[in-house]
Amino acid sequence: MDINEIKLAIEKELGACRADIVKVVDQSSLNDFKGLHLGKKSVCSALFSQMRNVPSESKQIVGKLVVDLRQEISEMFNKKETELKNIALEKQLQNEKVDINLPGYSTKLGSKHPFFAVVDDITDFFVGLGYDIADGPEVESDHNNFEMMNIPKDHPSRDMQDSFSITDELVLRSHTSAVQARVMAASKGVGPIKVICPGKVYRRDNDATHSHQFGQVEGLVISEDATFANLLETLTLLLKHLFGDKRKVRFRPSYFPFTEPSIEADISCFECGGTGCKFCKNTGYIEILGAGMVHPNVLRLNGFDDSKYQGFAFGIGIDRVAMLKYNIDDIKRFYTNDIRFLSEFYKE
Ligand SMILES: [Zn+2]
């Protein structure tokens, strides 16, 4: 082949390539193009093998022409390959496009259990008044639960709190006063003490408003100058905080083995506002908590000098407050984990 024939072959091959590359529409036809124009049986390869027949003086020129041809075909191939990749990517993006008009999946957040909403509310209130918070075990010694609270073994007042016995010396605590016994023991007869004890307690009870388990927040203040007036003011503030300023608060004399004098506090009825109805058994008031001045025996039993120290104590039922606040009909709803009940307290 002389140089002119080679030039002609190159022109012809380039023309064929330009015509073929236009027809390439996918990866398969691109592979065909590669095989035909860059493969072993391509014009390019044939021209390379012809090189040995080219006279040596023309070898350099012809070599460059063939290399340039191969380069040009490769560029056509690469350009097309990139083009096809971009088209495929565009297509994929179109298919995977997120339709922002579609509604999303919403995750329902949990909400505070009404029982713990009341615990937190009462706790916040007392922390605001400078009280500490104390905790203790639910399986408690008879000593802490009863004896330190002025309820000796075989004393008839134990009947007021029918408890679950584990052994002769261990009970499921029937009130959180047991924690107060622990706090007093830890303070070794030195005041002041200003503490609340929130927690679960257990008694042998079972009806719509009583259950074998319920929550209590008990409070204890021991100092050289804690008075009955302080107690009444504290309870009035608490009840107005919990049930609103419009509720009237009433105190009645009562009896507890660990306080003397003892009182119970009532609030005016939600249903009738104090005129009397079925809900308040025509009294106009609803019983809400018990309290009193710490019995001198309790002070002495727990290592305090009752000629120096005095104090007051109170206990409020968490479930009872929650039932009244949220109009709940059965105390057992607090621990049966019915999602339909709990979701009523869900706030958006
Ligand atoms: Zn009423």
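## Exercises on a predicted model

Just after helix 8, Gly244 has a positive phi of about 100°. This is a predicted model, where local features need pLDDT of at least 70, side-chain atom pairs count only at pLDDT 80 or more, and totals for chains, interfaces and linings use all residues. Residues are numbered from 1 along each chain as its sequence is written, and side-chain values use heavy atoms, with hydrogens and water left out.

### Exercise 1. Check the span and the buried side of helix 8.

Start with the term: helices (H or I, at least four residues) and strands (E, at least two) are DSSP runs, numbered from the N terminus. The expected span of a helix is 1.5 Å times one less than its number of residues.

Step 1. Helix 8 covers residues 228-243, which is 16 residues. From first C-alpha to last, helix 8 reaches 22 Å, close to the expected 22 Å.

Step 2. Find the buried residues (under 20% relative accessible area; exposed is over 50%, partly exposed in between; 1.4 Å probe, protein chains only). In helix 8 they are Leu231, Thr234, Leu235, Leu238, Leu239, Leu242 and Phe243. They cover an arc of only 135° around the axis, so they sit on the same side of helix 8. The arc is that of the directions from the helix axis to the C-beta atoms.

Step 3. Look for packing partners. The buried residues of helix 8 pack against several elements, including helix 5 (114-128), strand 7 (259-268) and helix 10 (318-326).

### Exercise 2. Do the same for helix 1.

Step 1. Helix 1 has 21 residues (3-23) and should span 30 Å at 1.5 Å a residue; its end C-alpha atoms are 31 Å apart, which agrees.

Step 2. Ile6, Ile10, Glu13, Leu14, Cys17 and Ile21 are buried in helix 1. Their arc around the axis is only 105°, which puts them on the same side of helix 1. On the other side, Asn4, Leu8, Glu11, Lys12, Val22 and Lys23 are exposed.

Step 3. The cover over the buried residues of helix 1 includes helix 2 (27-38), helix 3 (43-50) and helix 4 (59-96).

### Exercise 3. Decide the geometry at the zinc ion.

Step 1. List the protein donors (N, O and S atoms within 2.8 Å of the metal, or 3.2 Å for Na, K and Ca; water is not among the atoms, so sites may look incomplete). They are Cys269 (SG), Cys272 (SG), Cys277 (SG) and Cys280 (SG), 2.2 to 2.3 Å from the zinc ion. Their spacing along the chain is C-x2-C-x4-C-x2-C.

Step 2. Check the angles. The 4 donor atoms subtend 106 to 114°, so the arrangement is tetrahedral. Four donors count as tetrahedral if all angles lie between 85 and 135 degrees.

Step 3. Check burial. Cys269 and Cys272 are buried. Cys277 is buried too, with a relative accessible area of 17%.

### Exercise 4. Find out why Cys17 has no disulfide.

Step 1. Search the whole structure for disulfides (cysteine sulfur pairs within 2.5 Å). There are 0.

Step 2. The closest cysteine sulfur to that of Cys17 is in Cys44, 7.5 Å away, which is too far for a bond. Cys17 has 0% relative accessibility, so Cys17 counts as buried.

### Exercise 5. Place Thr176 and Glu138.

Step 1. Thr176 is in the loop between strand 3 (170-172) and helix 7 (177-187). Thr176 is buried at 0% relative accessible area. Not counting residues up to four places away in sequence, Thr176 is in contact (heavy atoms within 4.5 Å) with Cys197, Pro198, Gly199, Val201, Gln216 and Glu218.

Step 2. Glu138 lies in the loop between strand 1 (132-133) and strand 2 (139-141). Glu138 is partly exposed, at 32%.

Note on methods. Four donors count as tetrahedral if all angles lie between 85 and 135 degrees; four count as square planar and six as octahedral if opposite donors are over 155 degrees apart and all others between 65 and 115; anything else is irregular.
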